Amino acid sequence: MTQEFFHEGDLVGVLTTQPLDRTLDYKAPEGGCHLGAFVEVPLGPRKVLGVVWGAGKGDFDYKKVRSVIRVLDVAPMADEMRQFLIKAADYTLTPMNAMLRLATRAPGLGDAPSMRKVYRLGTDEPTRMTDARAKVLGVLRDYGGLAFTLKEIAESAGVTTSVVKGLVKLGAVSEEDAPRDVPYPRLDPDRGGKELTNDQAVGAKILSEAVRSGTYGTTLLKGVTGSGKTEVYLEAVAECLRQGRQALVLLPEIALTAEFLTRVEARFGCKPAEWHSGVTMTERRRCWRMVGQGDAQLIVGARSALFLPFRDLGLVVVDEEHDTSYKQEDGVLYNARDMTVLRASLNAAQVVLASATPSLESWANVEAGKYARVTLASRYGAAVLPKMSAIDMRIEDLPGGRWVSPTLQKMVEARLERGEQSLLFLNRRGYAPVTICRACGHQIGCDDCDATMVEHRFLKRLMCHQCGETKPMPTVCPSCEAVDKLAPVGPGVERMAEEAQALFPDARVAVLSSDLYGSARALKEHIQSIARGETDVIVGTQLVAKGHNFPKLTLVGVIDADLGLQGSDLRAAERTFQLMRQVAGRAGRAEIAGEAVLQTFQPEHPVIRAILGGDEEAFWTAEAAERRAAGVPPYGRMAGIVLSSPNVQEVFDLGTQMARMDGPLRKIGAQVYGPAPAPIARIRGRHRVRLLVKAEKSAPLQQALVAWAAQFKLRGELRMAIDIDPQSF
Ligand code: ADP
Ligand code: ZN
C-alpha cells in the first residue's frame, strides 16, 4: 500500500467517533502509523476509537500532545473511503464523527484477538430454570450451533450479560475462544452461468464492458419482474471478480437474501459475505475485517454495507433501486442509492441500478444522459406478464364489515380448485388500524405520538406504528369507562386473514407481515414454506411486494388500491404506481399465466388507469411534466428542516422565526414553505414541525442551509434535523 506514513513522534490529526467536529492532534506511536490507520487514542480519562485523518495541526505545545495508544490490528482506511465520508458528510450536512461512526460499525473493532470469547449452547440443563435463563437458552436453540458474543446473546434475549455468565458456570452455555477470522471461500466467476436470451446477453455485455473499463459509470437496468435482471447483473459481478475487484449487491429487504444467496452459490460455487442486521456480530466482525483487507470478493447487504471499508470496490448493484427503505430516516439521513453513486465515482467503480419500476430520479438521470440504460423487455421463458383489471367497488354487492368483493372471491375459489396460490394484498399491518369506543366514539391513540394505536391480535396488544410503543388491549374505554364497547374499525392484514379463512374454510391461509416474526430466520422459513406451496391464500403487506419468488402464485387481489393515493404527498402517484406494479408482478412467474385485480372506488383515476394500462413511459412523462412545472425533485432540489421539542409553542415559534429570517436562502433564490406539522407531528412525546426549502437544481443549497440555520440558537429541548432530499414533500 502506498499510503502516507507517519514516523514515531510525528504529529497526526485523528478523527474520533466522539461528538467533536474536528480532528485532534496526537503523536504517532512507536513503530509509526499510516494515514487512514485505525487507532486507539486517549481522550480525557477515556480511550476512544479514531482514524488517522492527516498531519496534525501543530497549534498546541508539542510537549503536551499525547501519543496514540496503539494502532488497531485492521487494514487502514483507503483514501477513497476518507474522501467518500467527507463528501457524504458535506452533502447530508452530517458531522464527520457521526459519519465515521457509520463506517466503524464493526463489533469488537478494538479488541485484541485473545480477548474475544464466543458462546454457544452447552450440554447441561440448569438445575433451576428462570424466565431469563429460558430466554437465553431459547435464543441459542433457535440458532442451532452458531456461536455468539456475550453482548449479542444478552441483547437478543433481553437479559443482562450476568444471566449468560451464570449459565456458563452451570455448563448450560459453553464458552470458547473466538476463532481467528476464517477467510471466505473463493467465488468462481466462470462456473454456473446460465445461457442468456438475446436481450439478456446484450445487457450483460454492456454491463461487463463497463466494469472492464475501470472507470465510473451508472446504468439503469430496467426490466419487468422475472425478466432476468438478476441473471444479467450477476454477469457484471462475474466480470468484476475476474478483474480482481470487489463487488457489492445492495438489497432492500433482509428477508430477500436467503433466496439471493442460493442463487449466488449456484452461479459462483459458494455463498458471498453478508452484511445486515440479521447477521451475528461475530460474522459482521469477520465481514468488516475481510472487506478491509480485500479478502471478501462479494458482499450482499442492506444499505449500511455501503459504509464498509472496501479495498478496491469495482461494482455496486442497487437492486430494487426505487425502494424507499434505501433512505435512512433515523440518525444520519442519507439515501443509499445516491450515496452509492457518490462512492462509485470516487472509486472508479460501476453502478447498476436495477428495477422493474425505477424511481423518477433515475428515470430523469437517464433522460439527461447521466446514466446509461439497459432494458429487458419481456419475462424469461414462457412466463407472461399478468393480466390486469379493476374491480369497481361502487357496483360490487359487499356486505358490511367485509372487504373481499364477490368478484374477487370467485377468482380465489377458481385458484383453490386448480391448486394454485392467491395473494390478497393490503398494505396495513395489524388487525385493525383504529380501535373505537361504540359508546362515546373515542379512538385509542398513542400517549406519545399523533397516531392511533393499531390492534395486533397476534401480539394481543395495541401498537403505535410510529414509536413502537405497545399496551394491552383495554376492556374498558379509557374515555367514558364503558365496558366491552371497544371495537375494531377498518381492516389490517390479520383481520383480512380472518375474513379469508371464513370465506375459504378449507384453504390454508397465512399472513405475511413484518411484525409477526420474532427473528429474520423465522420469517425466512415462513417465506420458504409459502414458496414450496404449503399455503393456498397469502394475506400480505408490502413485504410480499419485494421480489420473493412464489412459483404457484397466479392471482393477486389488491384489497384497497386507493389507499396510497390519499394524502397530499407529491410522490403518492409514483409510490402507488410502483407498489401496485410490483405486487402485480408477483403473479404468474412460472409457466402458469397470472392475473392481478385492483379493488378500487375510482377506476378512472389517472394513476389507476396507468397501472392497469401498463404504459410506463406515458406515466413517467406525465409525472415528470408535473414535477418539472412544480420545480420539485428530480427537477429541483428540496430539503426538509424538522424542529422538535416537547413544547409545541416553542417549535412553532422557532419555525415561524426561521421562515421570516430566510435571507441566506433568498440569496440563492430558494423558497421556504411552512412551518407546518411534520408528516409525523408528534413522536415519543416530541412535537415536530417541518419547513420545506425548495431551490433550483444548480443552487448551492447546503451552504445556504448552513448559513440560515446558524442564525438560530437551539435552547433547552429544541432539536433541529436537516433532511436533504426528503422522501415526502
Ligand atoms: P428479475 O430479477 O428481473 O425479477 P430473475 O433474474 O429473478 O428476474 O429471473 C426470473 C427467473 O427466471 C429466475 O428463476 C431465473 O433463474 C430465471 N431465468 C432468467 N433468465 C434465465 C436464463 N437465461 N436461463 C435460465 N433461467 C433464467
Ligand atoms: Zn407512539
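## Exposure and two unusual backbone angles

A residue is called buried if 20 or more other C-beta atoms lie within 10 Å of its own, exposed if 12 or fewer do, and partly exposed in between. The model described here is predicted. Arg684 has 15 C-beta neighbours inside 10 Å, so Arg684 counts as partly exposed. Arg684 sits in the loop between E31 and strand E32 (686-696). Its phi is near 45°, a positive value in a residue other than glycine.

Leu93 also has a positive phi, of about 55°, although Leu93 is not a glycine. This residue belongs to the loop between helix H1 (79-92) and helix H2 (96-103). Because Leu93 has 19 C-beta neighbours inside 10 Å, it counts as partly exposed.

## Nonpolar cores

The largest nonpolar core contains 87 residues. Val14, Val52, Tyr233, Val237, Leu250, Ile299 and Val316 are the residues with the most contacts inside this core. Helix H7 (residues 229-242) supplies the largest share of the core, namely eight residues. At least three residues of the core come from each of domain 1 (5-104) and domain 3 (198-376).

Leu250 may serve as an example of how a core residue is surrounded. If residues up to four places away in sequence are not counted, Leu250 touches Gly301, Arg303, Ala305, Leu306, Val316, Val317, Val318, Asp319 and Ala336. A second core, separate from that one, has 47 residues, including Leu426, Ala500, Leu512 and Leu555.

## The surroundings of ligand 1

There are 14 residues around ligand 1, and those that come nearest are Lys194, Gly228, Lys229, Thr230 and Tyr380. Which helix contributes the largest share of the shell around ligand 1? It is H7, with three residues. Helix H7 thus appears in two settings, for it also provides the largest share of the 87-residue core.

Sorted by class, the shell around ligand 1 consists of eight polar, four charged and two nonpolar residues.

## A group of four cysteines

An unreviewed UniProt entry lists Cys437, Cys440, Cys477 and Cys480 under "binding site". These residues are spread over 44 residues of sequence, yet they cluster in space, with a largest C-alpha distance of 8.6 Å.

Is Cys437 buried or exposed? Cys437 is buried, because 20 other C-beta atoms lie within 10 Å. Cys437 is placed in strand E21 (residues 434-437). Leaving aside residues up to four places away in sequence, Cys437 touches His442, Cys477, Ser479, Cys480, Ala482, Lys485 and Leu486. Cys480, by contrast, has 12 other C-beta atoms within 10 Å and is therefore exposed. Cys480 is located in the loop between strand E24 (470-472) and strand E25 (486-489). With residues up to four places away in sequence again left out, the contacts of Cys480 are Cys437, Ala439, Cys440 and His442.

## Cis peptide bonds

A cis peptide bond joins Pro633 to Pro634, with an omega of about 5°. Pro634 is in the loop between helix H17 (616-630) and strand E30 (636-645).

Another cis peptide bond links Gly674 and Pro675, where omega is about 10°. Pro675 lies within strand E31 (residues 671-683). This strand borders the loop that holds Arg684.

Notes
Residues numbered from 1 in each chain as written. Chains lettered and ligands numbered in written order. Predicted model: local features only at pLDDT ≥ 70, side-chain atom pairs only at ≥ 80, totals over all residues. Core = buried A, V, L, I, M, F, W, Y, C linked by C-beta atoms within 7 Å. Helix = DSSP H or I, 4+ residues; strand = E, 2+ residues; numbered from the N terminus. Domains from an automatic or database assignment. Contact = placed C-beta atoms within 7 Å. Near = placed C-beta within 6 Å. Nonpolar A, V, L, I, M, F, W, Y, C, P; charged D, E, K, R; others polar. UniProt positions renumbered as here; feature names shortened; annotations may be inferred.
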